[in-house]
Amino acid sequence: MTTALAELDAVEVDYPRGPALGPFSLTVAAGEIVALVGPSGCGKSTAMRLLAGLEAPTRGAVHRASARGETAVVFQAPTLMPWASARANVALPLELAGMHGRTARAHADAALARVKLARVEAAKPAQLSGGMAMRVSLARAMVTDPKLLLLDEPFAALDEITRRALGEDVHGLWAASRAAIVFVTHNVEEACYMAGRVVVMTPGPGRLAGETVVEGPLPRPLGFRTTAVFREACEHVSANLARGMQGAAA
Amino acid sequence: MSRLAYQLAPAALIVILLAIWEAVCRLLAVPVFLLPAPSDIAVAAWQNAPMLIDAALNTLSMAILAFVLASAIAFAVALLISTHPLAERAVQPLAVGLQVTPIMAVAPLAVIWAGLDHPGRAVVGLAAIVAFFPIFSGALTGLKSADPDLERLFDLYGARPLDRLFRLRLPSAVPFILEGLKVAAGLALIGAVVAEFVARSGLSRGLAWRLMEASNRLETAKTFAALLVLVLMGVGLNALMQVGERAVLRWWRGR
C-alpha cells in the first residue's frame, strides 16, 4: 500500500436523533478509487463529510494528509450557483483561494474543456441539461487539482446512459490527474465498474460489512462489464451487502 | 378558448359591470350625491384632472420616498442581523411588535414628532414603517436561503465572511428581495394614503386629502374620481414592479 491520503480511524458520529455512523475505519491511499456502498441511512454521506473535514467525529480520529483546496467534493445535485455562468461556477474555488479573476476564469475554461464543455462557458445552470450541470460540477471540483476527490452519489439523479458517460469522464479525469477518488453509490455494478476497491457498509449506524478488490485495469477497457472478473466482484459485493443486512436484522 | 378572449376577459368584465352600474343609476334615478353613474364620475375626473393629477403626484412622491427610505433601512438591518443568529433572535420580538402595531395608532405620534407644519414628513415616515417589513423579512429570509451544500462548498474552500456574503448569500437572496420590494411598493402607496387620512392636514395636499375633502362636501362623483386615480396608480405601480421583477429574475436565472 502506498501513502495514506486520508484515514478514518474507528470514527463514530452521533446526531441528536441517534448514532449515525460507526465505529468505522477507512484508509484512502493516494491515487486509488474506492467505492462506498451501503443502504440508505448507513452514514455514507457522513463518512464523506468527515473525509472532507466538513464535520468532526463524535469519537475516533480523522487523519487528512491533504491541505485546503486539495480535497474536492461533488454532491448528489450539481450544486451550482444559479445566477452564475458555468465559467464563474468553476472559477469559484480558485477565486475563493485568492486567485485573480481573469486567471481563475482562464483555468475554469480549461477545466470545462476537460469535461467536454468547451462551448457552454457562458451558459447559466438553468440552460444546461442534468448531465452537463454535473460535468460543470466535476470541472469545479477538478479545477484546484485536488489530491482527493469525494463523489457523493454524483450520478443518482441521472439516466443510465448519462451516468455511464459521466463514469467514463470521471475515469478520464482520474487517469489525467491520479487524484484519489472516494465514490459513494447505491449501485453495486456501478461501484465495481468505477472502483478498484469496494467497501460495503451495514445499515445505519454504518460499520464495515466487507471489502472487495476489483481486479483489472482502470480506466476500464471496453467490454469490462461482460468479464468474469466484473461479475465475480459484483457477486462478492452483493454477498457482503446481504450479510450486512442480515447482521443488522439479527 | 382563444388567446384574444383570454387577453380581453378582464376588460370585458369591467365594461359589463360599468354598463350595469350606469343602467341602474339611470333607471332608478339614484341621486348623484348617493351614487354617481360612471358617466358622472368620468365628467368629474375630466373637470378636476389638473388638481387630481397634482394630488396624485404628491402622494406618489411621498410613497416613493417612503419606499426608498424603507428599503435602505430594512436592507441595512437585515444585513447586520444576518451576520449573527443571536442578533436575529434579539431583534425578532421587536420587529414583530412593530409590525403588529396598527399604523393608525402610531400616526398621532408621528404627526407630533414631524411637527404640525410638516405633515408630509409624518406621511413619509408612516408609509416607510408599513413598507419596511416585506423588504426586511424578504432580505433576511433570502440571506439565509443559500443552498446548504453550497454553504458546505464555501466551508470546504475556506471562504472569508465577505466572500460568502457577496458571492453566495446576497445573490441567493435576490428572488426573495425582489418579492419583498414588490409587496413593499404597493404597501408604501397604501401607507401614504392611510397616513394622509390620519395626519388630517390639508398641508400634505395628497390624493387622500382631496378624497376626504370631496366626500365632506358631498361631491360624491369627485370622491369616486379621486378613488379611480388611486386605483389606477396602484395597478400601474404593481404592473411596473411585476415587469421589473420578471426582468431581473430572467437575468438572474439566465432564462
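This passage describes strands, helices, aromatic rings and domains in a predicted model.

Strand β6 of chain A spans residues 148–152. The strand is mostly covered, with five of its five residues buried. Its side chains point in two directions. Leu148(A), Leu150(A) and Asp152(A) point one way from β6(A). Leu149(A) and Leu151(A) point the other way. Residues on both sides are buried.

Strand β6(A) has neighbours in the sheet. Strand β5 of chain A, residues 71–74, runs parallel to β6(A) and is joined to it by four bridges. Within this pairing, Val73(A) stands opposite Leu150(A). Strand β7 of chain A, residues 180–185, also runs parallel to β6(A), and here five bridges make the link. Ala180(A) in β7(A) is the bridge partner of Leu148(A). Between β6(A) and β7(A) the chain passes through helix α5 of chain A, residues 160–177. This β-α-β crossover is right-handed.

Helix α2 of chain A covers residues 86–96. The helix is mostly covered, as nine of its eleven residues are buried. The buried set begins with Ala86(A), Asn89(A), Val90(A) and Ala91(A). It continues with Leu92(A), Pro93(A), Leu94(A), Glu95(A) and Leu96(A). Two chains contribute to the packing around these residues. From chain A come helices α3 (101–114) and α4 (130–142). From chain B come α7 (148–156) and α8. After α2(A) comes Gly98(A), which has a positive phi near 100 degrees.

Aromatic rings form another set of contacts. Over all chains, the count comes to seven aromatic pairs. One of them joins Phe224(A) and Phe230(A). A pair of aromatic rings is described by the distance of the centres and the angle of the planes. For Phe224(A) and Phe230(A), the centres are 5.5 Å apart and the planes meet at 65 degrees. This pair is edge-to-face because its angle is over the 60 degrees required. Phe224(A) has a relative accessible area of 4%, and Phe230(A) has 3%. Both values are under the 20% cut-off, so both residues are buried. Ring pairs also bring in Tyr193(A), which forms a cluster with Phe224(A) and Phe230(A).

Charged side chains also lie over rings in chain A. Arg225(A) lies over the face of Tyr193(A), at 3.8 Å from the ring centre. Tyr193(A) therefore has a charge over its face, as the distance is within the 6 Å limit. Arg178(A) lies over the face of Trp174(A), at 4.1 Å from the ring centre.

Chain B is divided into two domains. Domain 1 covers residues 1–30, and domain 2 covers residues 35–253. The C-alpha centres of these domains of chain B lie 32 Å apart. The domains also touch. Six residues of domain 1 of chain B are in contact with seven residues of domain 2 of chain B.

Helix α9 of chain B runs over residues 207–216. Its buried residues include Leu207(B), Ala208(B) and Leu211(B). Met212(B), Glu213(B) and Ala214(B) are buried as well. Other helices of chain B help to cover the buried residues of α9(B). Among them are α3 (49–82), α8 (161–199) and α10 (220–253). Just after α9(B), Leu218(B) has a positive phi of about 60 degrees.

How values were computed:
Residues are numbered from 1 along each chain as its sequence is written. Chains are lettered from A and ligands numbered from 1 in the order in which they are written. This is a predicted model: local features need pLDDT of at least 70, side-chain atom pairs count only at pLDDT 80 or more; totals for chains, interfaces and linings use all residues. Side-chain values use heavy atoms; hydrogens and water are left out. Rings of Phe, Tyr and Trp (its six-membered ring) pair if their centres lie within 6.5 Å; planes under 30 degrees apart count as stacked, over 60 as edge-to-face and the rest as tilted. Buried means under 20% relative accessible area, exposed over 50%, partly exposed in between (1.4 Å probe, protein chains only). A charge sits over a ring if NZ of Lys or CZ of Arg is within 6 Å of the ring centre and within 35 degrees of the ring normal. Two strands pair if DSSP finds at least two bridges between them. A crossover is right-handed if, with the strands pointing away from the viewer, the path from the first strand over the helix to the second runs clockwise. Domain bounds come from an automatic or database domain assignment. Contact means heavy atoms within 4.5 Å.
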